[in-house]
Amino acid sequence: MTGPAAKEAVVAPLLSWFRRNARDLPWRRGYDPYHILVSEFMLQQTQMDRVVVYFLEWIRRFPTLKALARADEAEALKLWEGLGYYSRCRNLLAAARTIVETWNGRVPEDPASLMTLPGIGPYTAGAVSSIAYNRPVPAVDANARRVVSRLEARPFRNDRDVASFLAGIIPDDEPRSFNQALMELGALVCTAARPSCDVCPLNSACKGRSSGAIPLTPSAAVMRRPTRPAAAAVLFAGGKVFLRRRPDAGLWAGMSEFPWEETAPDESPESAARRAIAPFYEETGAVGVIGPVSHAFTGNRIRLTGVLLRLRPERETPESLARAHGRWVPLETLSDETLPAGSRKLRDLLLRDVNSRSHPEMTPEGV
DNA sequence: GACACGTGGGT
DNA sequence: TACCCAAGTGT
């Protein structure tokens, strides 16, 4: 059923429910296209509650598209620290610059134009077009896919099929609310794990419910490997610590981190930490341990132990050896660095310990 | 179409 | 602990 009947049974109850249950989000006050653009980038594969915090900080620092277009990438990345998928941040900045240069500073309205911008695919194009400009185009995310496939009690082959179905029922007068309502319903009521059908505004129209079969969308099911132990080297000398620079492509491209390696079976954290710095340095011995912290990333999960290593100053020349592979950073400015989550957690533990004088040997006077 | 790309929270 | 999930995109 894709005709007027579906519209009657679905659209009005859905919009009515949304009016009563829409969460109060910062970008829902005025629907500034720049705000919608930022929120949609941040919301890619990321949950609402976490995004709100980052969004507010971002808008405080970059209140307008033009302000963002002028920004340093390093400063933008610092604001993104901890949110993950850092190419989103780089793409958002690049998109802002392109919009200023070739779109006269105005976020494009139509999906095809939006799709030409970096980091914007079919979903984000539809979301920005409909939510920022109230254009009647579908926005198919995981929520829309799940809600629609349950509603129709049939699998959809791909997002284009879902979009075709939605194009048939999306109301011309309220596409902004309709698309948000569909996603909001999926996030709050028609959830993946345990849908609350008894309070769902669409339960009487839902074929999945009436047929007793609530199909679940095939999950991407990223197979995680079990948690493995790893060790990071917190190598220090003269009040500075060493950070390894990651390659310009791939995981955490171009970011800095404490050098780390997975620990081999029966290997100690100290040994693994030494292996991590072996390409650059020798050291005199482990003087302490921080953590462990748990760190999950793209199919992996590690328990990361930080091993404090003191550089052997009479045998190493810190600056020259490090230059190609990393940098020495003073403890005082370590919190300014943009680090992947695992290193960030270790840094926070480290700075806490340093401030409480748990590791006096790390300060310049201690060396 | 498969895979890389982060992270934290829920169960 | 381990698995699943989240307003996807680029290659």
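In this predicted model, a useful place to begin is strand β2, which is joined to strand β7 (residues 326–330) by 5 bridges, the two strands running antiparallel. Within this pairing, Arg244 stands opposite Gly326 of β7. Strand β2 also pairs with strand β3 (residues 256–257), again in an antiparallel manner, through 2 bridges, and here Arg245 is the residue that stands opposite Ser256 of β3.

A further partner of β2 is strand β1: the two, covering residues 240–245 and residues 228–237 respectively, run antiparallel and are joined by 2 bridges. Phe236 has Val241 in β2 as its bridge partner. The hairpin that these two strands form has 2 residues between the strands, and in it Gly238 takes a positive phi near 55 degrees.

From β1 the reader can move on to strand β6, since 9 bridges join β1 to β6, this time with the strands running parallel. One of the pairs along the way is formed by Ala232 and its bridge partner in β6, Gly306. Strand β6 is paired as well with strand β5 (residues 283–297), to which it is joined by 11 bridges in an antiparallel arrangement, and Glu283 finds its bridge partner in Leu311 of β6. The hairpin of β5 and β6 has 2 residues between the strands, and Thr298 in this hairpin takes a positive phi near 30 degrees. As for its surroundings, β6 spans residues 300–311, and 9 of its 12 residues are buried, so the strand is largely enclosed by the rest of the structure.

It helps now to step back to the whole chain. The secondary structure of chain A amounts to 15 helices and 7 strands, and its C-alpha trace spans about 80 × 50 × 35 Å along the principal axes. Of the 367 residues in the chain, 50% are buried. Where contacts in chain A link residues at least 6 apart in sequence, 67% of them join residues that are at least 24 apart.

The domain assignment divides chain A into domain 1 (4–210) and domain 2 (228–362). The centres of domain 1 and domain 2, taken over C-alpha atoms, are separated by 38 Å, and the contact between them involves 7 residues of domain 1 and 10 residues of domain 2.

The two domains also meet in the nonpolar interior. The largest nonpolar core contains 71 residues, among which Trp58 and Leu350 touch the most other members. Both domain 1 and domain 2 give residues to this core, so it lies between them. Leaving aside residues up to four places away in sequence, Leu350 touches Val234, Phe258, Ile290, Leu308, Leu331, Leu334 and Met362. Separate from this is a second core of 27 residues, which includes Val147, Phe156, Leu166 and Ile170. Such groupings can be set beside a broader pattern, for in soluble globular proteins nonpolar side chains tend to be buried together.

Among the helices, α6 (residues 87–102) repays a closer look. Its 16 residues reach 22 Å from the first C-alpha to the last, which is close to the 22 Å expected at 1.5 Å a residue. The buried residues of α6 are Arg88, Cys89, Leu92, Leu93, Ala95, Ala96 and Ile99. When the helix is viewed down its axis, these buried residues fall within an arc of 160 degrees, so they line one face of α6. A general feature of helix geometry is relevant to this arrangement: an α-helix has 3.6 residues a turn, so residues three or four places apart point the same way. The buried residues of α6 pack against α2 (33–43), α3 (48–61), α4 (65–69) and α5 (73–80), whereas Glu101 and Thr102, on the other side of α6, are exposed. Just after the helix, Asn104 takes a positive phi of about 60 degrees.

Two of the helices that α6 packs against, α2 and α3, have a loop between them in which Gln47 lies. With a relative accessibility of 64%, Gln47 counts as exposed, because the exposed class begins over 50%. Gln47 and Ser196 are 149 residues apart in sequence, while their C-alpha atoms are 19 Å apart in space.

How values were computed
Residues are numbered from 1 along each chain as its sequence is written. Chains are lettered from A and ligands numbered from 1 in the order in which they are written. This is a predicted model: local features need pLDDT of at least 70, side-chain atom pairs count only at pLDDT 80 or more; totals for chains, interfaces and linings use all residues. Side-chain values use heavy atoms; hydrogens and water are left out. A nonpolar core is a set of buried Ala, Val, Leu, Ile, Met, Phe, Trp, Tyr and Cys residues joined through side-chain atoms within 4.5 Å. Buried means under 20% relative accessible area, exposed over 50%, partly exposed in between (1.4 Å probe, protein chains only). Domain bounds come from an automatic or database domain assignment. Contact means heavy atoms within 4.5 Å. Helices (H or I, at least four residues) and strands (E, at least two) are DSSP runs, numbered from the N terminus. The expected span of a helix is 1.5 Å times one less than its number of residues. The arc is that of the directions from the helix axis to the C-beta atoms. Two strands pair if DSSP finds at least two bridges between them.
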